[in-house]
Amino acid sequence: MVTMQSNRSVAPAIDLITNLKPPHKSLGFHRILVLIITFLAYASFHASRKPPSIVKSVLGPTIPVNSSSILLNSTLIESDLATNGTGWAPFNGSDGTQLLGKLDLAFLSAYSIGMYFAGHVGDRIDLRLFLVFGMMGSGVCTILFGLGYWLNLHFLWFFVSVQIVCGLLQSIGWPCVVAVVGNWFGKAKRGLIMGVWNSHTSVGNIIGSIIASGMLELGWGWSFVVPGALVIFVGILVFLFLVVSPEDIGFGTSVNEIELNAEVSPVEKLENTESEVAVLLEDKHLDSMAAIGFLEAWRLPGVAPFAFCLFFSKLVAYTFLYWLPFYIRHTAVAGVILSDKTAGILSTIFDIGGVCGGILAGLISDLIDARAVTSVTFLLLSIPSLVLYRAFGSISTVTNTCLMFLSGLLVNGPYSLITTAVAADLGTQSLIGGNSRALATVTAIIDGTGSVGAALGPLMAGYVSRRGWNSVFFMLILSIFFAALFLVRLVKTEIKEKLNEGRWFSNTQTSMV
């Protein structure tokens, strides 16, 4: 994938402000700076992806208000039907939910395809500039979608085209941020550290939901313009401050050299971070090795089961990402039809649960040293949590919030774990022997397969929702069941290994001490 590059330009702010260079600033300072900048960069990407899910209820068909099912009282009905009841052509017809699903498919399909090529393009150009290009382009596309509000555009091809281009530009983000972090960090505890860093996804979703929901009162166009401007602003920060590699400011020529010479600091707990970051990027010396074949990579132990597990896990996670605000808007909570703004803000509880789930799954998997067991446990527990959310989420706001948080924690836990720590485990097994090209191939298989599921989930939800939300939840529960099913054999293997080695008992005793 993305490798070390020559002829890179130094970040202008770092180049101009001498106090930001060594020996004035330590390696630890710059590692923290890189983590913060990459975190903000990818969080802003995800913030700009949330507006389509927030405005679905504004663009789509009108909510049927049934006086027999809810109390028609101004204090109970928050929604302003006079403003948002007509929808926005062409999404306000009987096939509106299907068309909205096609918008999601256009973005996610382009995103999944672009993922496979973004890393290879990054091999040949400056990672910092490439990332900035993706951020600027994504910001412009997001703003362009919002301009359809003021330009009074009602052409499906316009919105689909913008989503396709935006998806391709957004695919630049992940390979770039993980490559940069990979330049600065070696190997360490994978689950917990990457669970924390990978929370940028949920944090971005939360920020995007709050911004897009807050702007709805001014017109749905603002829900796109403001997040788009945010991506551009963070892109400027990336351009000014992001240092692609330690060697660019004189810290050494490789991660290994840095680890040998770095001073002791709290940041060194992250020195050996190995995850999708390490999978996507290693030294050039390893790149000289022969690349593993695509079919051969599929045959590596654990690759196919986790890839198909991620397919279904991501299908569920992205269906919630794109349809949860719409679902909340169309479901009375304690007899109240919530407004678009309230529904959008309330949906962030799912992402807050996702942050906790990613960290918790990483921590547990590190403690018991069993990724498959951890993933399946979370997946199986998420099935009753979704049933409870669908059945009892409408009783009260407190019940809805608690069950939504629990669902987000259990659904996003294994998704986060597989895309980070598990990818690293599979990419560093002895059969590969450190071949970075093999690692990149394994990661591409896992993430690429997951992205296909992410593209199909929201599209299917748009069609299935016409049969009722019970059908949508049944689809999600069935997907979770299949996700867990693909890991059954690996779970058996992990349990046998740990019982034979007696490691679970020793780990438990150590943690108690």
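## How two helices cross

Helix 16 goes past helix 19 in a left-handed crossing. Keep in mind that this is a predicted model. Helix 16 covers residues 303-329 and helix 19 covers residues 371-392. Their axes come within 13 Å, with a crossing angle of roughly 30 degrees. Angles under 35 degrees count as roughly parallel, so helix 16 and helix 19 are roughly parallel to each other.

## A buried valine

Now for a look at Val411. This residue sits in helix 20, which runs over residues 397-427. Is Val411 buried or exposed? The cut-off for buried is under 20% relative accessible area, and Val411 has 4%, so this valine counts as buried.

Val411 can also be placed against Ser375. The two are 36 residues apart along the chain, and 9.7 Å separates their C-alpha atoms.

## A nonpolar patch on the surface

Over on the surface, there's a nonpolar patch of about 700 Å². Eight names to look up in the structure: Phe308, Phe474, Leu478, Phe481, Phe482, Leu485, Phe486 and Val488. Which helix gives the largest share of the patch? That's helix 22 (residues 469-485), with 5 residues.

Phe486, one of the patch residues, is found in the loop between helix 22 and helix 23 (488-501). Its relative accessible area is 34%. Buried means under 20% and exposed means over 50%, so Phe486 ends up as partly exposed.

Methods
Residues numbered from 1 in each chain as written. Predicted model: local features only at pLDDT ≥ 70, side-chain atom pairs only at ≥ 80, totals over all residues. Heavy atoms only, no water. Patch = residues over 30% accessible without salt bridge, like charges linked within 9 Å, V, L, I, M, F, W, Y side chains within 5 Å. Areas by Shrake-Rupley, 256 points an atom, 1.4 Å probe, with all protein chains shown as cover. Salt bridge = Lys/Arg side-chain N within 4 Å of Asp/Glu carboxyl O. Helix = DSSP H or I, 4+ residues; strand = E, 2+ residues; numbered from the N terminus. Buried < 20%, exposed > 50% of the residue type's maximum accessible area, 1.4 Å probe, protein only. Axes fitted to C-alpha atoms, helices over the stretch in contact; angles between N-to-C directions. Parallel < 35°, antiparallel > 145°, perpendicular 65-115°, else oblique. Left-handed = near helix turned anticlockwise from the far one by under 90°.
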